[in-house]
Structure formats: structure tokens, C-alpha cells
2 protein chains.
Amino acid sequence: MDSVFQNYFYPKSICVVGASSKPQSLGYELTKSLKQYGYTGELFLINPKADEILGFKCYPTIESIKDKIDLAIIMVPKQFVEESIKQLTSKGTRAIILITAGFKETGKEGGEEEKRILELVKTAGASLVGPNCMGIINSYPEVKMNATFVAEEPQNGRMAFCSQSGAIGAAVLNSLRETDIRFSQFISVGNKADVTENDLLEFWEKDENVSVITYYLESFEAGEKFLKYFIDGKVSKPVIILKGGRTSSGIKAASSHTGALGSSDKVVDAVLKQFGIIRADDLNDMFITAKGFEDFPMPEGNRIAVVTNAGGPAILTVDTLEKNNLVLSELSDETKSKLRKIVHPQGSVNNPVDLLPGGTAEQFKQVNEILVADKNVETVISVFVEPIMVPALPVIEGINEIKSDKPIFQVVMPLPEFWEQYRKESKTKCSLFRRPEDPAVVIGNMLKFKNKPSNKNRLQLKEEDIGGIRFEKGKFLSQEEVIKISKHYKLPIVETQLFKYDELKTAGLEYPIVVKAVGEKIIHKSELKGVVLNIKDKNELIKVADEMIKNFKQKNITLDSFLIQPYIQTKFELLVGGFRDPSFGPMIMFGTGGKYVEYVEDTVIRSAYLNDFNVDEIINKAKIGKIIQGVRGEDPADMIKIKNTIKSVAQMMLNHKEITECDLNPLVVTDDNNIFAVDIRIKC
Amino acid sequence: MDSVFQNYFYPKSICVVGASSKPQSLGYELTKSLKQYGYTGELFLINPKADEILGFKCYPTIESIKDKIDLAIIMVPKQFVEESIKQLTSKGTRAIILITAGFKETGKEGGEEEKRILELVKTAGASLVGPNCMGIINSYPEVKMNATFVAEEPQNGRMAFCSQSGAIGAAVLNSLRETDIRFSQFISVGNKADVTENDLLEFWEKDENVSVITYYLESFEAGEKFLKYFIDGKVSKPVIILKGGRTSSGIKAASSHTGALGSSDKVVDAVLKQFGIIRADDLNDMFITAKGFEDFPMPEGNRIAVVTNAGGPAILTVDTLEKNNLVLSELSDETKSKLRKIVHPQGSVNNPVDLLPGGTAEQFKQVNEILVADKNVETVISVFVEPIMVPALPVIEGINEIKSDKPIFQVVMPLPEFWEQYRKESKTKCSLFRRPEDPAVVIGNMLKFKNKPSNKNRLQLKEEDIGGIRFEKGKFLSQEEVIKISKHYKLPIVETQLFKYDELKTAGLEYPIVVKAVGEKIIHKSELKGVVLNIKDKNELIKVADEMIKNFKQKNITLDSFLIQPYIQTKFELLVGGFRDPSFGPMIMFGTGGKYVEYVEDTVIRSAYLNDFNVDEIINKAKIGKIIQGVRGEDPADMIKIKNTIKSVAQMMLNHKEITECDLNPLVVTDDNNIFAVDIRIKC
């Protein structure tokens with residue numbers, strides 16, 4: 001794969017198939033962008049009607065080019081696409097960007113056409129970006145390629161950006177001169193017929209010019225594979241994702257936009273968190289976080305000092321700390337006494353340090369130096385509102401000059417002129433932030449990356465042969481099969497016996513017991529009145545059994561047998577379950593169980609590729625997880641048994657792809673803190 | 001109060017006490033702002049050392065001015081403040097803005113000085129804004145007053161903005177030329193020694209030049225009074241609040257910044273919601289919402305059509321609908337067939353409507369016209385990313401020209417040049433939005449205002465005389481007092497009898513019962529093992545009582561008596577409680593009860609000034625509230641009794657200011673859906 005991506009991002013020659021001499025056409029504007037930005041390689045334009053466009057020679061056909069073509073960009077109308085690809089691949093071109101739209105995104109017919117084109121490409125051993133995309137950028141000085149329709153000239157940076165949406169790409173490029181976003185590389189992947197976020201993750205991880213990887217995605221093409229890069233420890237760089245299609249309407253809109261199947265947002269959220277992938281809430285959050293990684297040293301920890309000339313904005317900053325798991329540092333006495341010599345007596349030497357509106361560039365610099373020297377401070381946020389008597393630039397530049405291995409994030413709220421002045425006159429051009437809320441988001445995200453959960457000792461798929469179980473698509477396992485698989489995976493299933501009606505009378509049972517009706521159609525036992533608790537003797541048992549038979553006969557549901565379990569005194573009801581996500585594969589759930597589970601909404605989900613760290617985390621994240629560990633002086637439940645149960649269910653979900661859902665609900669914590677699964681359902 | 005505020009905002013003459021000839025000093029810059037913006041009234045500058053400043057004559061003293069002074073702005077050093085105020089008030093000036101800092105915000109001593117100055121002002125029948133503030137603006141063409149240090153020239157609008165923080169005010173003024181925020185009036189209220197948000201609410205409600213009221217606040221000076229304006233139906237205009245000091249660190253920072261006592265953020269959130277006051281999350285949200293009210297017709301409802309040339313950004317828009325209680329409209333067949341004639345066949349005529357990047361100004365206008373004509377559409381969001389082939393301005397202006405009583409909100413993601421061009425060339429200058437997420441926030445907030453809960457039939461304080469109860473600060477009511485007050489307010493207290501140990505043996509009781517230890521120090525009964533449930537007969541009772549006596553003797557806690565209640569089969573445990581907020585007064589809580597209440601975190605709070613609408617709302621908002629209304633085919637609990645209990649506790653909190661906390665926990669729902677309070681605690 002590598003060499004192909006070398007061709008995409010570092011091509012020595014580009015062929016533009018469908019270059020045009022008509023301004024404002026895509027074929028013209030993309031050529032103009034390439035010229036204006038100063039592409040350093042060879043450029044071949046294909047246009048049978050023109051001799052030259054923008055000073056570049058035009059070729060009538062692809063075949064008429066003698067030289068090697070590293071990268072081809074196709075913008076011809078749909079009916080000419082196949083022929084172009086054939087000519088390119090026969091010349092040995094392996095990297096193809098298909099900008100032309102009208103494929104999968106338009107419906108079934110377009111989807112078929114896309115498949116045909118993909119087959120053509122793959123048969124020829126080539127690779128395809130798109131279709132329905134808007135191009136590629138590499139700002140590396142030795143390449144200088146802007147092969148998009150937006151003729152901006154991106155500043156070189158170390159952030160790579162992959163956008164599933166061309167329009168998001170265009171909007172970001174449009175904004176570059178205002179937002180000061182810097183790219184290393186940009187690619188619009190459109191319909192992702194061939195090249196996906198997964199391939200780019202692999203390439204960018206290795207590309208030395210890239211230090212942060214960002215994505216705007218509307219779907220994960222093969223989410224389980226995406227996670228596997230992290231599970232296998234193959235990703236060392238920070239990855240930031242903005243996911244469009246979070247809500248049900250959004251997912252629907254995204255899926256009609258891209259034709260891809262959507263994962264629920266809870267799943268996306270869970271897996272990103274679990275594997276230390278940073279999730280951005282909007283474009284601003286994504287790019288300020290990328291700037292954080294690019295321009296600032298990694299914070300040692302979450303203890304923050306704030307310095308300001310502006311009380312109100314600093315309070316807005318402080319308000320955002322908690323949500324991002326940050327705290328205000330307790331400044332040392334030494335720091336405070338040093339600050340007292342600088343800070344106005346009516347200001348504050350406590351954190352947030354307040355210099356008052358008169359705070360000068362010199363004072364700001366000194367205070368920042370004192371704060372980064374305090375061992376209780378791991379990061380500084382300096383918030384400056386430009387007052388009339390203190391111009392902004394010397395304040396900002398003074399702080400930029402401080403040498404420290406602790407980061408100082410600056411918020412500036414100046415008159416509009418400042419920004420242009422900063423772009424022209426700043427020596428460091430270090431990223432600044434515009435909103436008092438921004439730095440906490442950045443620091444929080446950087447620490448999420450720094451402290452990301454270890455990937456050690458994750459559960460992995462193991463081949464397990466359990467005889468005698470039929471995994472039949474769409475069906476539930478029978479009660480016998482459930483008992484068999486539960487025993488295999490050591491699930492803490494309560495002692496369970498099955499009896500036919502006639503056997504009940506002679507069965508030797510220890511009371512009190514629970515009786516449950518068993519039958520293929522009897523799924524929601526409680527609602528069907530198929531469960532009776534706390535039966536005290538045989539007489540009661542027979543009476544209950546008779547009633548159940550009558551009841552199910554009336555409902556026309558076949559009752560096969562009676563499931564008998566000891567009656568367990570319930571202290572808490574937990575839920576442990578699993579399901580299979582269409583993109584991310586096997587998932588696990590833990591939380592409050594019982595019959596009100598969807599109303600209580602206390603369920604934490606994670607990928608089934610768990611390790612012990614994840615198991616602890618999901619237990620601590622669920623409200624019931626805190627309670628069962630012993631609060632208000634109570635003894636904890638058997639936590640080892642609970643953790644093992646979660647891991648066993650996860651292992652079962654990993655091993656048996658046929659299982660789509662399973663539920664241990666309730667998983668009971670008894671009065672003496674023992675754990676029993678009293679109802680296990682497994683669906684294929 | 002009115003006439004004083006007329007003097008603040010519409011002064012015919014202003015006296016600047018402390019005007020200076022030194023550029024970059026506050027006294028100079030404020031004078032410059034007044035001059036530059038073109039204040040239409042008389043300006044008197046006080047400076048004993050200068051003859052004129054910026055072309056205005058200077059007076060050596062206040063006394064030397066013969067004319068009437070409507071508004072005085074004091075900027076002299078602290079030691080001259082008292083004298084200035086004396087001279088001003090003796091000349092009959094009633095509106096005074098004290099910009100000088102160094103008062104309450106610096107600590108106790110400053111607080112005393114502030115009190116002294118306030119007394120001076122009040123004794124003279126005058127009014128004071130500040131101290132520690134940054135001035136006032138009225139952009140009304142007949143006033144044109146910018147009496148701040150920021151010499152920007154705000155465009156005239158209909159939004160009034162009060163900032164407790166001068167720096168937030170300055171930051172907003174600094175940004176005006178970029179954000180296109182328009183003011184009617186702006187005031188920085190600083191320490192709020194006299195004039196508070198309450199006074200401004202009253203004034204702006206009446207001022208015809210104001211149609212939206214916005215606040216940046218770090219504390220509510222008298223929150224209960226603020227709410228009373230709403231409770232009494234005295235506020236008809238939309239009010240939007242950004243509250244600094246949300247988190248515990250933020251509240252601490254705000255309180256050291258302002259010297260004011262903070263309410264918890266949950267309380268602030270609850271009361272704002274309850275009275276239809278809009279809460280903004282940040283400055284952007286506040287001002288875009290204000291623009292919404294100012295520039296757009298009120299949406300009829302929450303059904304939204306989105307049109308775009310840009311799939312990705314439109315998905316980000318759609319994703320924000322749900323959180324703001326908005327939905328995508330189902331477009332009518334007629335609409336779709338009309339759209340089909342305009343929209344590119346590879347685009348989409350479903351909602352979101354996609355014109356593809358080639359969508360022209362004409363197409364955008366036609367599609368928007370078709371969408372506003374659809375009866376299923378109540379608001380349109382038009383999202384435009386500027387592509388190379390379609391310049392932005394004609395698209396935007398074309399849509400601005402559409403006449404409709406339904407609002408069309410436009411998001412534009414253009415090249416940077418666009419904004420200046422729009423400012424210069426747009427005829428309507430209608431507000432545009434920069435982020436795809438913005439319009440949903442605006443529409444959601446506008447609908448919150450439109451659909452704000454009625455203030456009809458709210459509970460009000462009633463004088464109630466309940467003999468025999470000692471409300472002693474810091475103490476709990478005794479068990480007998482609790483029974484008395486509970487009966488008075490018809491709380492559903494379970495039948496409760498108190499017995500001394502000796503009386504137990506002869507008491508005629510119906511078993512099963514519950515026994516609880518009673519004593520002044522026995523508050524958390526369960527944790528102290530002072531509760532035993534389900535006692536079946538007298539023998540067991542005596543045994544339990546003996547054990548309790550022994551247990552409490554060991555702990556050195558006095559056990560006075562035994563509380564006996566019938567043992568009730570509990571289906572659900574609820575919590576109904578009340579507390580008193582330092583600013584907003586009596587508050588009420590409802591949610592899941594029981595001993596894990598702080599872990600379950602299912603508590604909804606509201607001001608005790610409830611009406612039936614609020615009661616329904618808090619029940620529906622709590623998870624347990626949904627469950628007890630009957631889910632999964634179950635019968636509902638006695639909801640009338642629950643509602644009455646909530647209202648009774650609220651009424652009790654309103655009537656008895658001495659009560660600081662009360663708890664009905666648990667309020668039990670029995671197996672047969674009856675309601676009993678089994679433990680009531682009331683603290684003063």
C-alpha cells in the first residue's frame with residue numbers, strides 16, 4: 001500500500017484528465033490551483049481541444065504521454081471515466097483520484113457503476129480515491145501540490161486531514177486565511193470506493209511529515225479494522241475525528257449522502273474513547289486540538305494556572321476546566337510571594353492570577369515565567385483582552401518567547417487589526433486561541449492522548465469448538481444451548497433445571513424456588529406472566545404450573561417445559577450484554593439491569609476487545625457500578641466474579657460471529673454479595 | 001427608577017469627572033469614544049489642569065458647571081470619589097457611573113468603602129452604576145453615546161447587553177467589526193453596589209428601542225426578585241443570559257472576582273428553564289440568539305427544512321437539530337415535485353435538499369421559496385459553502401430578498417473576502433451565521449421563548465400559622481413537630497406512633513411493622529443501624545428494641561424513643577425535597593429516592609414557585625417519574641397524590657422561610673400504587 005500512497009502524496013508527475021480552459025470550470029480551477037501553489041513536479045493536462053492551458057502543454061489523449069504518470073486526477077464526464085482508467089492503468093499509473101460524481105451517492109444504479117469501476121481498478125493492480133471527491137494537497141515544500149478547486153495557498157504544517165465530505169474540505173480551505181489552520185496533507189476521499197480512512201491511517205502513521213491525523217467522517221468503512229490498528233499498537237500519532245451523523249436524523253442524512261450504513265453514535269463514542277482516539281465536537285475543536293499537538297509541548301498533567309488581565313473571560317476559561325478533567329493548580333507560597341511583587345495590589349495572586357486591565361507586556365511575561373516555574377503548575381492559560389492602554393502584540397510575543405517545556409496557551413480577544421499584524425510580525429507564529437473556552441478543550445484532548453488506555457492484554461478472538469449448538473441466523477439459542485454455552489464460558493448461571501409438567505410432581509427440589517415458562521416464542525417472560533418468584537412448596541409449584549399452562553394456551557403460545565431455579569434474594573440487578581455493530585463488530589454492555597433498563601439509562605458500552613483497564617473503567621462509569629463496590633459503609637459485591645462475567649461475555653462475542661445479541665438481565669447481586677445470572681438470552 | 005434610567009441611557013448632558021489629556025489613560029480614551037461616536041448632548045469635562053481636551057472645554061470643578069448634569073461618569077482616583085459624589089448630588093445629578101475600581105472586589109476593606117459610598121448616594125436620592133465598571137453605550141441615533149474606553153462605533157440595533165464583567169464588555173466591543181453584533185444599549189455594571197440586573201430588566205422591558213435583553217452575569221444579586229418579574233408576568237421580551245461561574249472552580253473564581261455568593265449551576269439552570277429565560281453556553285450562542293430575535297420572524301414550530309450545496313456541513317446542521325428539540329420536516333409531494341424541476345438529478349429533493357456544488361443563486365432562491373411555501377416547513381436553514389464557480393453574494397442576497405413570514409437562516413462558509421463585501425454591498429444586512437451548528441441553537445432558543453411555560457396559577461407565599469413548632473436555626477424539627485407540620489400540609493405521612501421503651505410491651509400493634517430509633521443525634525438512621533423492617537410479632541419487636549438500645553449506648557448516642565410504622569411493601573422509592581438557595585430562595589426536588597440517592601443522580605430541581613405545568617414537567621423529566629406513570633403494561637402510581645405532595649412541600653418551603661432543607665426520602669410507592677412518606681426530615 002505504501003508505495004501507492006507515496007504516489008498520491010509525493011507524485012513526481014500528475015496527469016489531469018479533463019483539464020479545461022474555461023475559467024470557473026472544475027478542470028480549469030484545479031489546474032490553476034496546481035499552478036498557483038507552485039507544484040514542483042511534471043504536469044500533464046489532457047484536453048483534445050486545447051494546445052495549452054495556463055501555460056501548460058495539453059495532450060489530446062493519455063496514450064500520447066510518453067512519460068511515467070505517478071498520479072492521475074480524473075474529472076471527465078461519467079461516460080468517459082472507464083476509458084480513462086483503462087488507458088491510465090495500461091500505462092502503469094497506480095494512483096488515481098476520481099473527482100467525477102454520480103456514483104453510489106445517487107442510488108443503486110450509480111452504486112453498480114461504482115462497483116464496475118472499482119473492479120477495473122483493482123484488476124489492474126491500481127488504487128482509487130473517490131469517486132465524488134475534491135482532490136488532494138501536500139504542502140511539503142518539495143512537493144507543493146494543491147490539486148483541489150480552491151486556489152488557496154495552505155501554509156505548511158504537520159497536520160494531515162482526510163475529509164469524507166468535499167464540501168467540508170472546501171469550507172476549511174476557504175477559511176484558511178482566517179483560521180490559520182496549517183496542513184501537511186489534505187485528501188478528500190468522497191465515496192471511499194477503494195481508499196478509506198484505514199489506508200490513510202496506515203500511511204500517515206509512517207509519513208514523517210505528519211504528526212497529527214485528523215478526519216471528518218460520515219461513516220467508518222470497516223470500523224473493526226480501524227480499531228485493530230490501535231488494538232495491535234500500530235498507531236503512535238494522535239488521531240482526531242469529527243463524526244458527522246450523530247443523531248438519528250443526522251445518521252439518516254449521512255447515510256443518504258454517502259450510501260453507507262451508520263453505527264449509532266453511542267457506539268462511535270464508546271470505541272473512540274476506549275482506544276484513545278480523540279473525538280472533536282465541531283470543526284473548531286478539531287483544528288484547535290490539532291494546533292495544540294503541533295505547536296505546544298505535551299502537558300505533564302492536568303493542573304492548570306490561569307493568568308489574565310480580564311476577570312470575566314478568565315472565569316469562562318475556568319468554567320471549562322472541569323468538563324475537560326482539568327483543575328486549577330494550588331500555587332506555591334513561593335510563587336505567590338514572587339507574584340505579589342508584580343501584580344497590582346488590587347489584582348489577585350491566587351489562581352486565576354489577575355493583572356487587571358493595566359497589566360503590561362512585561363508583567364504578563366514575568367507572571368507567565370513564574371507560573372511555569374511552579375512545580376504545582378503543569379500548563380498555563382494566559383487570557384488577554386486588549387485594553388486601550390496595552391497593545392496586544394508585545395504581550396503575545398513576549399509570552400511566545402518564554403522557553404519552557406510546559407505549554408502556555410494564549411487566548412487573545414483583540415481589535416480585529418491584531419490578527420493581520422500577528423500574521424505579519426510574529427516571529428514564532430505560535431497558534432493563538434480566540435475563545436476563552438478553547439484552551440481547556442485542547443489541553444483536555446492532549447491529555448486524553450497522553451493518558452490513553454494501554455492496549456496490553458486485550459481479549460482477542462480464540463477459536464472455540466462447542467459441540468451441539470446450532471447458531472441459526474435470526475433465532476434465539478434454546479434453553480439447553482444457553483446452559484451449555486454458559487457453562488463453557490463460565491457464566492455464573494444460577495443452578496437451573498428443566499422439567500416437563502409431568503416430571504414436576506416427582507422432582508426433588510429445595511424450596512423456595514423460581515419457575516419460568518420455557519418455549520421458543522416465550523422471550524419476554526415477565527411480560528407474558530411466565531415468571532413466578534419465591535414459590536415455597538410443591539403445592540404452590542403445581543398450582544403455578546397449572547396457571548401458566550392455562551395462560552399460555554389462551555395466548556396460543558406453546559409452553560415446552562418449566563425452568564426451575566433456586567429463589568435468590570436480590571440486592572441489585574445488573575445487566576451484562578453484548579451486541580454486534582455493523583461496522584465496529586462485537587460490543588459489550590454493562591449497567592443497571594432489571595425490567596426498567598431502558599428507562600434507567602445506566603448502560604455503558606465498549607468494544608469487546610477489552611482489557612482489564614477497560615473493565616474497571618466501564619464498571620466505574622456505570623452508576624450501579626459505583627454502588628455495588630460498596631457505598632455508605634456496605635460491603636462490596638463479588639467484583640472479581642462480575643469482572644470475569646463481563647470478560648467472558650466479551651470473549652463469547654469475539655469468538656462467535658454468529659451471535660448478534662446476548663443479555664444477562666438481570667445479573668443478580670444477592671444479599672450476601674454473590675453473583676448469579678438468572679436469565680440469559682442469546683440471539684443469532 | 002424609570003426616570004433615573006432615562007438619565008443613564010438618554011442623557012441630555014454628561015459630566016466626565018476625571019477627563020484626561022493623556023492618550024491611553026482611561027479619562028482620555030472615554031472622552032475620545034464620546035467624541036468619535038458623536039454624542040448628541042452636552043459634554044462637561046472636569047479637569048483642573050487643562051483648558052480643553054479633544055476640543056471640549058474643561059471645568060476645574062463640578063461646582064463650576066452651571067448647567068444641569070443628567071449623567072456623571074466618575075473616573076478619579078479612589079480618594080476623590082466621595083467628594084465628587086457629594087458635589088454631583090448637591091447639584092441634583094441622580095445618575096452616576098463610578099468607573100474607579102478598588103472596592104468590594106479587593107476584599108473586606110474595599111467592601112466597607114463601597115458601602116459608605118452607596119450610603120452617600122442613596123441618602124442623596126441618587127443612583128449608582130458600578131463601581132469597577134467600564135461604562136455605557138446607547139447607539140440610538142438621537143443619543144449616540146459611547147462612554148466606554150473602546151472607541152469602536154457600534155451599529156444601532158435592538159439588543160440591550162448588560163455585562164457584570166468589564167472585560168467581557170471590552171472583548172465584545174473589540175470584536176464588533178468581525179462579529180457584526182449590533183447594540184441598542186450596553187452597560188457594564190461592575191460590582192453592582194446599587195444598580196443590578198433587576199433594575200435593567202425593569203427598564204429595558206419598557207424601553208421601546210430594546211427588543212432583546214442579554215446579560216453576562218457572574219452572580220444574581222437578588223435572584224428571587226429577578227424571578228418575581230417573570231412570575232408576576234412583567235417581562236414580555238426575550239431574555240438571554242450567559243452565566244460565568246458554572247463549575248465549582250468557576251463559581252469560586254467568580255465569587256473572588258465579584259465578592260458575591262454563588263448559586264449552584266444546577267439551580268441557575270433549573271430556574272432559568274422554569275421561567276422561560278434563555279441560557280446561552282458561550283458568547284457566540286448569546287449573540288447569535290439575539291440576532292435571531294432581532295432579524296428574523298418567530299418560527300411557527302420546530303419543523304425544519306435544510307437546503308444546501310454542501311452535504312457535509314448540512315449533516316453537521318442536521319446533527320444539531322435534535323439537541324435543540326427540532327426535527328426535519330417531511331416535505332410534501334407537491335414540494336418534491338416542484339424541487340425536482342430545479343435540483344440536479346444527482347442532488348436530493350429530500351430534506352436536506354442538496355443542490356450539489358454547482359447550485360446557482362437562482363436555484364438557491366427558488367428552492368428556498370418552494371420550501372417556505374410548504375405547510376410542513378416552519379423554518380428553513382440554507383447552508384452555502386462557496387465553491388469556485390458560484391460567488392457567494394448573489395446567493396445570499398437572493399435569499400435575503402425572499403418575503404415570507406417564515407424565517408430563513410443562512411450559514412455561509414465563504415472565502416474571507418466575502419464578509420467585507422457583504423457589509424458594504426448587502427441591502428438587507430440580514431444576520432448570517434458562520435458555523436453549520438449555529439442556526440439550530442438560534443431556532444431552539446427562539447422556540448424556548450415562544451413556548452415558554454405559562455406563569456398562571458403559580459404557588460405563592462401564604463401566611464400560615466402552625467402553633468407549637470419551634471423553627472430553630474441549624475436544628476432539625478423534632479419527630480412530633482414533623483408529624484404536626486406534615487399533617488398541616490397534608491403530606492402523605494405513614495401512620496406513625498412514638499413509644500418509650502417501657503410502653504412497647506403493652507402497645508397494641510398490627511404487624512408487620514417497622515421500628516426506627518429516635519433521638520436528636522440520630523439523623524442518618526440506616527447507617528446507624530437505627531431501622532429494622534418487617535418485624536412480625538411482639539417478641540421480635542422487643543428483641544430488636546433491646547439490640548438498638550445496646551447499640552446506641554455503645555455509640556454514646558441518646559436514644560429517646562421508638563418510632564413505629566406499619567411495614568409497607570415498597571415498589572418504588574421516590575424523593576421529594578426542598579432547600580433554600582442563597583439567591584433564588586425556596587427550591588424543590590423530585591426524583592429517585594432511597595439510600596443511593598446521590599449515586600443514582602436522578603433528581604430534578606425547580607423553584608418552589610410552581611404551577612401544574614412545572615409539576616408535570618419535573619415528573620416527566622425524572623427517570624423514575626416516567627416509570628411510575630406505568631411502563632411495560634403496569635398500572636400507574638397514584639399520580640395525583642404525588643403531585644399534591646410535591647406542591648405541598650413547595651408551599652411549605654414558600655411559607656416558612658426558616659426551613660432551609662426538607663426531605664421526604666423515601667416517598668414510597670407501594671405494590672398497590674399507594675403513596676406514603678415513611679421518613680420526613682425538616683431542617684431550619
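This is a short tour of a predicted model, moving from the pair of chains to a sheet in chain B and then to a single residue.

Begin with both chains displayed, and superpose chain B on chain A: a rotation of 180 degrees with 0.1 Å of shift along its axis does this, with an RMSD of 0.1 Å. The two copies are thus related as by a two-fold rotation axis. To find that axis from chain B, select B:Val600, whose C-alpha is the nearest to the axis in that chain, at 4.6 Å from it. The same surface serves both copies, since 100% of the contact residues of chain B recur in chain A.

Next, hide chain A and colour the open sheet of 7 strands in chain B, where the order is β3-β4-β2-β1-β5-β6-β7 and the pairing is mixed. At the edges stand β3 (52-53) and β7 (127-129) of chain B, each with a single partner strand, so one side of each is left without a neighbour in the sheet. Select residues 95-98 of chain B to see strand β6, which pairs with β7(B) in the parallel sense over 3 bridges; B:Ile97 has B:Val129 as its bridge partner in β7(B). Then add helix α2 (residues 26-37) of chain B, which lies across β1, β2, β3, β4 and β5 of that chain and runs at about 160 degrees to β1(B).

Finally, centre on B:Val380, in strand β18 (residues 379-385) of chain B. Is B:Val380 buried or exposed? B:Val380 is buried, with a relative accessible area of 1%. Beyond its neighbours within four places in sequence, its contacts include B:Ala305, B:Val307, B:Leu371 and B:Phe409.

How values were computed
Residues numbered from 1 in each chain as written. Chains lettered and ligands numbered in written order. Predicted model: local features only at pLDDT ≥ 70, side-chain atom pairs only at ≥ 80, totals over all residues. Heavy atoms only, no water. Least-squares fit on C-alpha atoms with pLDDT ≥ 70 in both. Contact = heavy atoms within 4.5 Å. Helix = DSSP H or I, 4+ residues; strand = E, 2+ residues; numbered from the N terminus. Buried < 20%, exposed > 50% of the residue type's maximum accessible area, 1.4 Å probe, protein only. Pairing = 2+ DSSP bridges. Axes fitted to C-alpha atoms, helices over the stretch in contact; angles between N-to-C directions.
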